[in-house]
Each structure stands twice: as C-alpha cells, then as structure tokens.
Amino acid sequence: MVLSMAIISPDSNGTSPASFRGFPELSVLIPAYNEEACIESVVREAVCVLHGMGRSFEVLVVDDGSSDGTPARLQGLCAEHAELRVLRLAENTGQSAALGAGFRAARGAIFVTLDADGQNDPADIPALVARLDSCDLCC
C-alpha cells in the first residue's frame, strides 16, 4: 500500500453532505502545481478506476496557481469527464493549503487524496475504501 495516499471519512454518523441526494459518495482530491506533463494521465487513470467501483464520485483537482500548461490540460479534461471539477487558486499557496481548499469544496462523504505527479496509484483506491468498513481513516 502507498502510505502517502489518505482516505478520510469526514462524518461517520451518516450526516455528511453525500447523504443528501445529488452528492457523490467519493471525492478524489488532487492538488496540482505545474503538473502539465502528468496531470492528464493521473486524472484519466483515477476516473477509470472510480468508474469500476460502481459508486458515484467526483475528481476535484486543486490547481495551486500553476504557471505552466496545467490549467489548459485541466480545461481539456473537463470536456472529457463530467465528474471532474477544477478549483484554481490565484497563486501558489503550497500543497497543504491546496488540500485545505479541496476539502472545503469537496462534496463527497469519503475523501481520497492523490498526488498529481503519479506518485500514488489510483488502483489502490478500491482497497482503501473497502477498509473503511472497519475504521474511519485509511492510509
């Protein structure tokens, strides 16, 4: 298992926003800064894995003020994947702040974090989510 990928269940009593109709079960949060070279493959792989899980989901990429072609790549991906949402920060604030913005904007009951550079394997998501049957946090 990849230790730097985390899944957080924000509310274990069933009152999270996803318990309301129209919200996804899973939110995959991907903070990105100048990831033009790899963001497309990471998002596409994550979407493919998530479709295979049979749960509703969103992929939320937080663009942390990228100065390369990352925003353009994300715009193209949005046209391909209805589940993709992009939150663009005006300036680079760092990974922790980008994740914080993502946590505030995410709509799912379960949060999954991935690195935008492909360090984390999206194929690990189903096993991590399955472990939430016996705990509140998996990493």
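User: In this predicted model, where is asparagine 34 found?
Analyst: Asparagine 34 has a phi near 50°, a positive value in a residue other than glycine. Its relative accessible area is 29%, so asparagine 34 is partly exposed. As for its place in the chain, asparagine 34 lies in the loop between E2 and helix H1 (39-53).

User: How many of the residues of E2 are buried?
Analyst: On one side of E2, Leu26, Val28, Ile30 and Ala32 are buried. On the other side, Ser27, Leu29 and Pro31 are buried, and both faces are thus covered. The strand is mostly covered, and its count of buried residues is seven of seven.

User: Over how many bridges do E2 and E3 pair?
Analyst: One position of this pairing puts proline 31 opposite valine 62 in E3. E2 and E3 also belong, with H1, to a right-handed β-α-β unit. The two strands run in the parallel sense, and the number of bridges is seven.

User: Which residue in E5 stands opposite valine 28?
Analyst: E2 also pairs with E5, in the parallel sense and over four bridges. Valine 28 is one of the buried residues of E2, on the side that holds Leu26, Ile30 and Ala32. Its opposite residue in E5 is valine 112.

User: Which residues of E5 point the other way from Ile110 and Val112?
Analyst: Strand E5 covers residues 110-113. Ile110 and Val112 point one way from the strand, and these residues are buried. Those on the other side are buried as well, and they are Phe111 and Thr113.

User: Is the pair of phenylalanine 103 and phenylalanine 111 stacked or edge-to-face?
Analyst: The structure holds one aromatic pair. Its ring centres are 5.5 Å apart, and its planes meet at 25°. Planes under 30 degrees apart count as stacked. The pair of phenylalanine 103 and phenylalanine 111 is therefore stacked.

User: Which ring of that pair belongs to a residue that counts as buried, phenylalanine 103 or phenylalanine 111?
Analyst: Buried means under 20% relative accessible area. Phenylalanine 103 has 28%, so this residue is partly exposed. At 9% relative accessibility, the residue that counts as buried is phenylalanine 111.

User: Which strands are included in what covers the buried residues of H3?
Analyst: Helix H3 spans residues 95-105, and its buried residues are Ala98, Leu99, Gly100, Ala101 and Gly102. The cover over these residues includes strands E2, E3, E4 and E5.

User: What do E3, helix H2 and E4 make?
Analyst: Strand E3 (residues 57-63) and strand E4 (residues 84-88) pair in the parallel sense over five bridges. Within this pairing, valine 59 has leucine 84 as its bridge partner in E4. Helix H2 takes up residues 70-80. Together, E3, H2 and E4 make a right-handed β-α-β unit.

User: In what order do the elements of the protein chain run from the N terminus on?
Analyst: The chain has four helices and six strands. Two of its units are right-handed β-α-β arrangements, one of E2, H1 and E3 and the other of E3, H2 and E4. From the N terminus on, the order is β-β-α-β-α-β-α-β-α-β.

User: How many disulfides does the count come to?
Analyst: Cysteine 48 is exposed, with a relative accessible area of 57%. Cysteine 135 has a relative accessible area of 25% and is partly exposed. A disulfide would need a pair of cysteine sulfur atoms within 2.5 Å. The count of disulfides comes to zero.

User: How far apart in space are alanine 127 and cysteine 138, C-alpha to C-alpha?
Analyst: Alanine 127 sits in helix H4 (residues 125-131). Its relative accessibility is 33%, so alanine 127 counts as partly exposed. In sequence, alanine 127 and cysteine 138 are eleven residues apart, and their C-alpha to C-alpha distance is 9.7 Å.

User: What share of the contacts with a separation of 6 or more is between residues 24 or more positions apart?
Analyst: The protein chain has 139 residues, and buried residues make up 46% of them. The chain exposes about 6900 Å², with 50% of this supplied by carbon and sulfur atoms. Among contacts with a separation of 6 or more, the share from residues 24 or more positions apart is 80%.

Definitions and conventions: Residues numbered from 1 in each chain as written. Predicted model: local features only at pLDDT ≥ 70, side-chain atom pairs only at ≥ 80, totals over all residues. Heavy atoms only, no water. Pairing = 2+ DSSP bridges. Right-handed = clockwise from strand over helix to strand, strands pointing away. Phe/Tyr/Trp six-rings, centres within 6.5 Å; stacked < 30°, edge-to-face > 60°. Buried < 20%, exposed > 50% of the residue type's maximum accessible area, 1.4 Å probe, protein only. Contact = heavy atoms within 4.5 Å. Areas by Shrake-Rupley, 256 points an atom, 1.4 Å probe, with all protein chains shown as cover.
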